[in-house]
Amino acid sequence: MKMPSARTMVTSSIVAAALAGGAAIAQQSTPSQGIPNQQAVPSNHANSIQPETTLSVSASGEVSRAPDIATITAGVHTEAETASAAMSQNAASMDGVYSALEAAGIAARDMQTSNLSLQPRYDYSNRDGAPPRLVGYTASNQLSVKVRDLDNLGRTMDAIVQEGGNTISGLQFSLDDPTEAHNEARRQAIQTAVKRANLYAQETGYRVARIVTISEQSSGGYQPQPMMRMRAESADASTQVARGEVSYSVTVDVTFELRQ
């Protein structure tokens, strides 16, 4: 668990307070210049906040949870002498990838093309200033796949390879609905901020009157790089993946009004 960060600041301006008080006295002693019922406007309005009575606190909360989904990038990378051949071979292999994913129970809504490209390949080894020579084409088709059955994640990746896929990358674990985790991190952050504000107020002879502003920065779904281990003891053995935990954090910046 990452320790919460904190930043506190108490600002003081005795000169500003003295000037404000002097201005109020001067206003009250100024003649009305013949205008009846003229009254001086008080400088200590109930909603005003003097700079010397504010305290700013920054605090963080972090929550870790076991993930319930994984997102992988998988697909096919092919090379051929012509562009049409590269695309044709790629399409044939991708048919196998789609079939493998459907057989693994991956819904259509959980598959999305993340990259589709066709690029020429050149030979730059020519000497004597000769221009690069076109030697073929490379086609790539990549899918972003959301796997909800984590117990079958390894077998799903194996099936992709067996059916023609030759690229798997970008494995990322997360929560399908991180709302509860984010809210718990928020509770931790604001509770820490309030406790610190009360501590600073008590130690300086003040009390916390109210919260003036709250701002938030949040992040989530991060975890160490997942570890994969290939097993080949038998034909039934599948790739093992350690899912670990994912963390969600929230940082709040809170400004308090202090009063004596």
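A search of the whole structure, which is a predicted model, finds 11 salt bridges. Among them is the pairing of arginine 121 with glutamate 79, in which the closest N and O atoms are 3.9 Å apart. Arginine 121 belongs to strand 4 (residues 111-123) and glutamate 79 to strand 3 (residues 69-80), so this salt bridge ties together parts of the chain that are 42 residues apart in sequence. Both partners fall into the intermediate class of accessibility: arginine 121 is partly exposed, with a relative accessible area of 24%, and glutamate 79 likewise counts as partly exposed, at 45%.

Further salt bridges involve residues that are linked in a network, namely Arg109, Asp110, Arg148 and Asp176. Within this group, arginine 109 forms a salt bridge with aspartate 110, and the closest N and O atoms of this pair are 3.9 Å apart. The two residues, although adjacent in numbering, contrast in their accessibility, since arginine 109 is exposed, with a relative accessible area of 66%, whereas aspartate 110 is buried, with a relative accessible area of 8%. The side chains of arginine 148 and aspartate 176 also meet in a salt bridge, with an N to O distance of 3.0 Å. This pair links distant parts of the chain, 28 residues apart, in that arginine 148 is placed in the loop between strand 5 and helix 3 (153-162), while aspartate 176 is placed in the loop between strand 6 (167-174) and helix 4 (179-203). Arginine 148 counts as partly exposed at 31% relative accessibility, and aspartate 176 is partly exposed as well, with a relative accessible area of 42%.

The overall arrangement of the protein chain comprises four helices and 10 strands, and from the N terminus on these elements run in the order β-α-β-β-α-β-β-α-β-α-β-β-β-β. Of the 260 residues of the chain, 31% count as buried. Among the contacts in the chain with a separation of 6 or more, 82% are accounted for by residues 24 or more positions apart. The accessible surface of the chain comes to about 16,000 Å², and 51% of this surface belongs to carbon and sulfur atoms.

In the interior, the largest nonpolar core contains 36 residues, of which Ile72, Val97, Leu101, Val145, Leu153 and Phe173 touch the most other members. At least two residues of this core are supplied by each of strand 2 (54-65), strand 3, helix 2, strand 5, helix 3, strand 6, helix 4 and strand 10 (246-259). The largest share, seven residues, comes from strand 10. For leucine 101, when neighbours within four places in sequence are left aside, the contacts are Ile106, Met111, Leu143, Val145, Thr156 and Ile160; Val145, one of these partners, is itself listed with leucine 101 among the core residues that touch the most other members.

A polar residue is also found among the buried positions: asparagine 141, in strand 5 (residues 133-147), counts as buried because its relative accessibility is 12%, below the 20% limit applied to that class. Apart from neighbours within four places in sequence, asparagine 141 is in contact with Ala74, Gly75, Val76, Asn90, Met94, Thr113, Asn115 and Leu116.

Leu116 also appears at the surface, where it forms, together with Met87 and Leu118, a nonpolar patch of about 250 Å². Methionine 87 is placed in helix 2 (residues 83-103) and counts as partly exposed, with a relative accessibility of 33%.

With regard to aromatic side chains, the structure holds one aromatic pair. The pair is formed by tyrosine 122 and tyrosine 124, whose rings lie 6.2 Å apart from centre to centre, with an angle of 55° between the planes, and the arrangement is tilted. The angle does not exceed the 60 degrees over which a pair would count as edge-to-face, nor is it under the 30 degrees required for a stacked pair. Tyrosine 122 counts as partly exposed at 41% relative accessibility, whereas tyrosine 124 is exposed, with a relative accessible area of 62%.

Conventions: Residues numbered from 1 in each chain as written. Predicted model: local features only at pLDDT ≥ 70, side-chain atom pairs only at ≥ 80, totals over all residues. Heavy atoms only, no water. Patch = residues over 30% accessible without salt bridge, like charges linked within 9 Å, V, L, I, M, F, W, Y side chains within 5 Å. Areas by Shrake-Rupley, 256 points an atom, 1.4 Å probe, with all protein chains shown as cover. Salt bridge = Lys/Arg side-chain N within 4 Å of Asp/Glu carboxyl O. Buried < 20%, exposed > 50% of the residue type's maximum accessible area, 1.4 Å probe, protein only. Phe/Tyr/Trp six-rings, centres within 6.5 Å; stacked < 30°, edge-to-face > 60°. Contact = heavy atoms within 4.5 Å. Core = buried A, V, L, I, M, F, W, Y, C linked by side-chain atoms within 4.5 Å.
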